[in-house]
Amino acid sequence: MRKLLYPILLLSTVALAACGTTEAAAPAAPRPGTEGIDITAQQNRIRAQKVDAVANLVPKAVRDTGKLTVGTTGNGTPPLSFRADDDKTVIGVEIDIAQLVADVLGLELDLQATSWENLFLSVETGQYAAGFSNITVTEERKDKYDFATYRKDTIAFEVKKARDVTVKEPKDIAGLKVGVGSGTNQEQILVRWDEQNKAAGLKPVEFQYFQNTTDYYLALQSGRIDAYAGPNPTASYHVAVDGQTKIVGSVSGGGQIPADIAAMTKKGNGLAEPLRQAIQSVLTNGQYAEVLKRWNLGSEAVEASQINPQGLPRK
C-alpha cells in the first residue's frame with residue numbers, strides 16, 4: 001500500500017484544542033463510552049491452534065528455526081502496528097494476524113519492529129521471513145515478493161457525527177471542503193473525482209492540507225473542513241476512540257481497482273502458500289473475524305486469502 005505519510009496522535013481533538021498544541025503526545029487510553037480498544041502492553045491476544053497439514057508446508061529452513069520472523073513498522077499508525085501505552089510493546093491488528101499465522105504454522109512469532117524502507121530490504125534478503133505492515137499488493141512489488149492477502153485496502157470518509165452526508169460517488173463531494181494527505185493514493189482518487197465533477201458542471205472540491213493527522217481532526221472538529229479522507233484503519237480507530245465523528249463512505253485504496261493488504265515474503269521462497277493456508281484457516285474458524293472486530297476493522301474483511309492477486313498498476 002501507500003506508506004502512511006503521517007502519524008496519527010491519540011489524544012482527542014478536544015483535548016488538543018484545549019491545550020493549544022498539535023505536537024506529538026503519548027497514546028491516551030480509550031475513554032469510557034468508546035469501543036474500549038485495548039492499547040495496554042498486556043494484550044491477551046486471540047490465539048490459534050497448530051494445523052499440522054499447514055505447518056508441514058513450511059520450508060524446512062524456516063521450520064528448523066522454530067520461529068516465524070516477522071517485520072513490521074512498530075512506530076506506525078494505530079490500529080495497524082504501533083507502540084502500546086508502555087511506549088515499548090508493539091501491538092495492533094497486524095501483530096494479531098501475524099500471531100495467528102505463526103500459531104497455525106506451529107512457530108514462535110519473532111516480531112521485529114523496523115522502518116518502512118528496511119522492512120522491504122530485510123524481507124528481500126531473507127532476514128525476515130515475512131512482512132506484516134499494511135502492505136498493499138502492487139505489480140511492481142510482485143517482481144521481488146510473493147503475497148498472501150488478508151485485508152481489503154480501503155479509504156474512508158470521516159465527518160462530524162452531526163453531519164447528514166453520505167459519500168458513495170464523485171458527486172457526493174462536490175462543493176465540500178475536504179482534508180486529504182498530500183501525495184497519497186486518496187488524494188489522487190479525489191482529484192480524479194473532482195475533475196469528473198467539474199466536467200459535469202458541479203462545484204469543485206476545496207482541498208485542504210495540514211502537517212499531520214491531528215491537524216486534520218482539529219480542522220474537522222472546528223468546521224474548517226467538511227470531511228477527511230484517509231486510510232480506513234486510522235479513521236475507524238479515531239471514530240472508536242474519539243467518539244465525535246463517523247464514517248460516511250469508503251472507496252478501494254486502488255480507486256477503480258480493488259486493492260489488497262497482504263503478508264509479504266521473498267519471491268519464490270516457498271512460504272507464500274503456507275502463509276495463505278494459515279490465513280485461510282483462521283478466516284474459516286472465526287478467529288480472523290474476532291481480531292478485526294477487536295480493532296474495529298470488520299469492514300476490511302476478505303472472504304478468502306489469495307496469492308499474488310492483481311496489484312495496483314506500475315507507476
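The expected span of a helix is taken as 1.5 Å times one less than its number of residues, and this yardstick can be applied to helix α9 of the present structure, which is a predicted model. Helix α9 has 14 residues, and the distance from its first C-alpha to its last is 20 Å, close to the 20 Å expected at 1.5 Å a residue. Just beyond the end of α9, Gly286 adopts a positive phi of about 95°.

Before following α9 further, it helps to set out the whole protein. The model contains 10 helices and 12 strands, and of the 315 residues in the protein, 53% are buried. When contacts between residues at least 6 apart in sequence are considered, 76% of them join residues at least 24 apart. The protein exposes about 13,700 Å², and carbon and sulfur atoms supply 48% of that area.

Returning to α9, its buried residues are Ala272, Pro274, Leu275, Ala278, Ile279, Ser281, Val282 and Leu283. Several of these positions can be read against a general property of helices: an α-helix has 3.6 residues a turn, so residues three or four places apart point the same way. The cover over the buried residues of α9 includes the helices α2 (52–55), α4 and α10 (287–294), together with the strands β5, β6 and β12 (260–266).

One of these partners, α4, deserves a closer look. Two packed helices are described by the angle between their axes and the distance between the axes. The axes of α4 (residues 93–104) and α9 (residues 272–285) come within 9 Å and cross at roughly 105°, which means that α4 is roughly perpendicular to α9. On the α4 side the contact is made by Leu100, Val101 and Val104, and on the α9 side by Leu275, Ala278, Ile279, Ser281 and Val282. Sorted by character, the residues of this contact comprise seven nonpolar, one polar and no charged.

The chain that follows α4 also reaches α9. Leu105 is found in the loop between α4 and β4 (108–113), and this residue is buried, with a relative accessible area of 3%. Setting aside neighbours within four places in sequence, Leu105 is in contact with Val54, Ala55, Val58, Leu68, Pro274, Leu275 and Ala278; among these, Pro274, Leu275 and Ala278 also belong to the buried residues of α9. Leu105 also lies 9.7 Å from Gly66, C-alpha to C-alpha, although the two are 39 residues apart in sequence.

A second helix, α6, can be described in a similar way. The 15 residues of α6 (residues 185–199) should span 21 Å at 1.5 Å a residue, and its end C-alpha atoms are 22 Å apart, which agrees. Its buried residues are Asn185, Gln186, Glu187, Ile189, Leu190, Trp193, Asp194 and Asn197, and they pack against the strands β7, β8, β9 (206–208), β10 (227–231) and β11 (245–252). Just after α6, Gly201 takes a positive phi of about 85°.

A loop residue also meets α6. Pro170 sits in the loop between β7 (154–160) and β8 (177–180), where it is buried, with a relative accessible area of 18%. Residues up to four places away in sequence not being counted, Pro170 touches Trp193, Gln196 and Asn197. The C-alpha atoms of Pro170 and Glu195 are 9.2 Å apart in space, while 25 residues separate them in sequence.

Finally, the backbone has some features that a reader checking the model may wish to locate. Most residues other than glycine have a negative phi, and most peptide bonds are trans. Against that background, a cis peptide bond joins Pro78 and Pro79, with omega about 5°, and Pro79 is found in the loop between β1 (67–72) and β2 (82–83). Asp87, which is not a glycine, has a positive phi of about 60° and is found in the loop between β2 and β3 (90–91). Asn134, likewise a residue other than glycine, has a positive phi near 55° and lies in the loop between β5 (130–131) and β6 (145–152). In their surroundings these two residues stand at opposite ends: Asp87 is exposed, with a relative accessible area of 59%, whereas Asn134 counts as buried at 4% relative accessibility.

Key. Residues numbered from 1 in each chain as written. Predicted model: local features only at pLDDT ≥ 70, side-chain atom pairs only at ≥ 80, totals over all residues. Heavy atoms only, no water. Axes fitted to C-alpha atoms, helices over the stretch in contact; angles between N-to-C directions. Helix = DSSP H or I, 4+ residues; strand = E, 2+ residues; numbered from the N terminus. Parallel < 35°, antiparallel > 145°, perpendicular 65-115°, else oblique. Contact = heavy atoms within 4.5 Å. Nonpolar A, V, L, I, M, F, W, Y, C, P; charged D, E, K, R; others polar. Buried < 20%, exposed > 50% of the residue type's maximum accessible area, 1.4 Å probe, protein only. Areas by Shrake-Rupley, 256 points an atom, 1.4 Å probe, with all protein chains shown as cover.
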